[in-house]
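Here is a set of short exercises to work through with the model open beside you. Try each task before you read its solution.

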Amino acid sequence: MASVTNFNPHGVFLPLFLVLAATATATTRPYPFLPRPRVGYYGSACWNVESIVRSVVQSNYFTNPANAPGILRMHFHDCFVRGCDGSILLDGPNSEKTAIPNQSLRGFNVIEKAKTQLEIACPLTVSCADILALAARDFVVLTGGPWWPVLLGRLDGRISLASNVDLPEPTDSVAVQKQRFAAKYLNTQDLVVLAAGHTIGTVGCGVFRDRFFNYKNTGSPDPTINPNFVPQIQSQCPLNGNAATRVTLDLGSEGQFDTSYLNNLRFGRGVLESDQFLWNDPETRSIVERLLGLRFPFLPFGPEFARSMSKMSLTEVKTGLDGEIRRVCSAIN
């Protein structure tokens with residue numbers, strides 16, 4: 001039987017059977033067989049779900065492209081805390097939104113706008129968790145990244161607590177990063193590939209500034225940073241400057257989905273220490289080299305990113321009585 005191949009206007013193709021093969025592990029090993037998520041889950045109940053989300057994403061991207069990395073990061077933060085259940089979207093005095101790592105998230109209005117339109121077209125049918133997964137994919141495509149079929153059918157979670165938020169830290173060693181990803185049934189290759197999503201990312205100066213001025217209280221920058229890179233970042237994030245000022249994680253290729261971020265690591269130009277560790281560690285370095293085409297067998301970044309995103313998006317999905325379909329994304333029914 002011929003494989004189904006989907007077209008990405010930026011030239012990256014990902015056969016559907018490859019995505020299903022890659023996600024099989026994520027759906028069958030850690031969890032029993034699930035009737036959802038799956039391709040075409042909504043069927044005639046909401047046949048235009050993807051076109052509605054895509055339209056909202058496209059109109060938003062052209063007025064506020066910064067929401068591309070914002071929504072991608074939001075999807076990651078959602079999946080790493082109680083699974084991909086849209087709990088990051090819930091309001092509340094102690095919700096996940098209020099946790100320090102989530103206070104700089106952006107793009108909530110995009111998800112809510114898509115939900116409003118979907119409630120008109122298909123009332124109480126499409127989950128906010130599915131909208132977030134679709135929006136993350138569509139924003140990646142608009143930055144030049146790959147298209148992949150998003151398996152649908154997640155339910156929305158009812159629990160959202162800041163105390164549950166335990167996300168990867170910008171100073172995590174490779175060993176700690178591997179432990180965090182393994183807890184979500186993601187392997188070391190997934191770790192490197194998903195970290196490379198920073199190719200379109202930004203970060204607040206307060207998160208990493210000490211590394212460029214006073215690394216580990218030494219009074220000097222981290223010696224592993226390229227010396228020519230230090231003044232460039234110091235000028236964007238002065239020692240006494242605004243901690244909320246954001247800088248790109250991929251200098252030289254801001255907002256474009258490509259391998260420039262990985263190449264920067266090769267030359268000691270990683271902004272975050274946890275990212276630079278990926279080049280300094282032999283195991284993860286070999287994966288970076290394969291993604292850059294420097295080591296055989298090569299790993300094509302676009303398709304590999306799509307594969308790892310598909311796996312991550314199935315983390316601890318809610319089904320049956322474990323979840324619901326919200327009327328609005330910011331509040332449980």
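## Exercise 1: Glu304 and its surroundings

Glu304 touches Gln189, Val193, Leu291 and Leu299, not counting residues up to four places away in sequence. Keep in mind as you look that this is a predicted model.

Task: Find which helix holds Glu304, and decide whether Glu304 is buried or exposed.

Solution.
- Step 1: Glu304 sits in helix 13, which spans residues 301–312.
- Step 2: The cut-off for buried is under 20% relative accessible area.
- Step 3: The relative accessibility of Glu304 is 7%, so Glu304 counts as buried.

## Exercise 2: The nonpolar cores

Task: Work out which residues touch the most other members of the largest nonpolar core, and which helix gives this core its largest share.

Solution.
- Step 1: The largest nonpolar core has 68 residues, and within it Ile111 and Phe305 touch the most other members.
- Step 2: Helix 5 (residues 128–142) supplies the largest share of this core, with 10 residues.
- Step 3: Now select Phe305. Beyond its neighbours within four places in sequence, Phe305 contacts Leu72, Val140, Pro146, Trp148, Val193, Leu194, Gly197 and Phe257.
- Step 4: Another core, of 15 residues, lies apart from this one; among its members are Val203, Phe208, Phe212 and Val271.

## Exercise 3: Helix 8

Task: List which residues of helix 8 are buried, and find which elements they pack against.

Solution.
- Step 1: Helix 8 covers residues 205–213, and its buried residues are Cys205, Phe208, Arg209, Arg211, Phe212 and Phe213.
- Step 2: These buried residues pack against two strands and two helices, namely strand 3 (202–204), strand 4 (246–248), helix 9 (230–236) and helix 11 (273–280).

## Exercise 4: Two helix pairs

Task: Describe how helix 2 and helix 5 cross, then do the same for helix 11 and helix 12.

Solution for helix 2 and helix 5.
- Step 1: The axes of helix 2 (residues 49–63) and helix 5 come within 9 Å, crossing at roughly 50°.
- Step 2: Helix 2 and helix 5 are therefore oblique to each other, and their crossing is right-handed.
- Step 3: On the helix 2 side, the contact uses Val49, Glu50, Val53, Arg54, Val57, Gln58, Asn60, Tyr61 and Phe62; helix 5 answers with Ile131, Leu134, Ala135, Arg137, Asp138, Phe139 and Leu142.
- Step 4: By class, the residues of this contact are 10 nonpolar, two polar and four charged.

Solution for helix 11 and helix 12.
- Step 1: Here the axes come within 5 Å and cross at roughly 85°.
- Step 2: Helix 11 is therefore roughly perpendicular to helix 12.
- Step 3: Phe277, Leu278, Trp279 and Asn280 of helix 11 meet Pro282, Thr284, Arg285, Val288 and Glu289 of helix 12.
- Step 4: Sorted by class, this contact has five nonpolar, two polar and two charged residues.

## Exercise 5: Lys318

Task: Locate Lys318, then find how far apart Lys318 and Arg154 are in sequence and in space.

Solution.
- Step 1: Lys318 belongs to the segment after helix 13.
- Step 2: Its relative accessible area is 11%, so Lys318 is buried.
- Step 3: Lys318 and Arg154 are 164 residues apart in sequence, with their C-alpha atoms 5.9 Å apart in space.
- Step 4: Setting aside neighbours within four places in sequence, the contacts of Lys318 are Arg82, Asp85, Gly153, Arg154, Leu155, Gly157 and Gly323.

## Exercise 6: Backbone details

Task: Say what is notable about the backbone at Leu124, at Tyr185 and between Phe296 and Pro297.

Solution.
- Step 1: Start from the background: most residues other than glycine have a negative phi, and most peptide bonds are trans.
- Step 2: Leu124, in the loop between helix 4 (108–121) and helix 5, has a positive phi of about 50° although it is not a glycine. With 40% relative accessibility, Leu124 counts as partly exposed.
- Step 3: Tyr185, in the loop between helix 6 (174–182) and helix 7 (188–195), has a positive phi of about 60° and is not a glycine either. At 45% relative accessibility, Tyr185 counts as partly exposed.
- Step 4: The peptide bond from Phe296 to Pro297 is cis, with omega near 0°. Pro297 lies in the loop between helix 12 (282–291) and helix 13.

Definitions and conventions: Residues are numbered from 1 along each chain as its sequence is written. This is a predicted model: local features need pLDDT of at least 70, side-chain atom pairs count only at pLDDT 80 or more; totals for chains, interfaces and linings use all residues. Side-chain values use heavy atoms; hydrogens and water are left out. A nonpolar core is a set of buried Ala, Val, Leu, Ile, Met, Phe, Trp, Tyr and Cys residues joined through side-chain atoms within 4.5 Å. Buried means under 20% relative accessible area, exposed over 50%, partly exposed in between (1.4 Å probe, protein chains only). Helices (H or I, at least four residues) and strands (E, at least two) are DSSP runs, numbered from the N terminus. Contact means heavy atoms within 4.5 Å. Axes are lines fitted to C-alpha atoms, for helices over the stretch in contact, and angles run from 0 to 180 degrees between N-to-C directions. Angles under 35 degrees count as roughly parallel, over 145 as roughly antiparallel, 65 to 115 as roughly perpendicular and the rest as oblique. A crossing is left-handed if the near helix is turned anticlockwise from the far one by less than a right angle, and right-handed if clockwise. Ala, Val, Leu, Ile, Met, Phe, Trp, Tyr, Cys and Pro count as nonpolar, Asp, Glu, Lys and Arg as charged, and the others, Gly among them, as polar.
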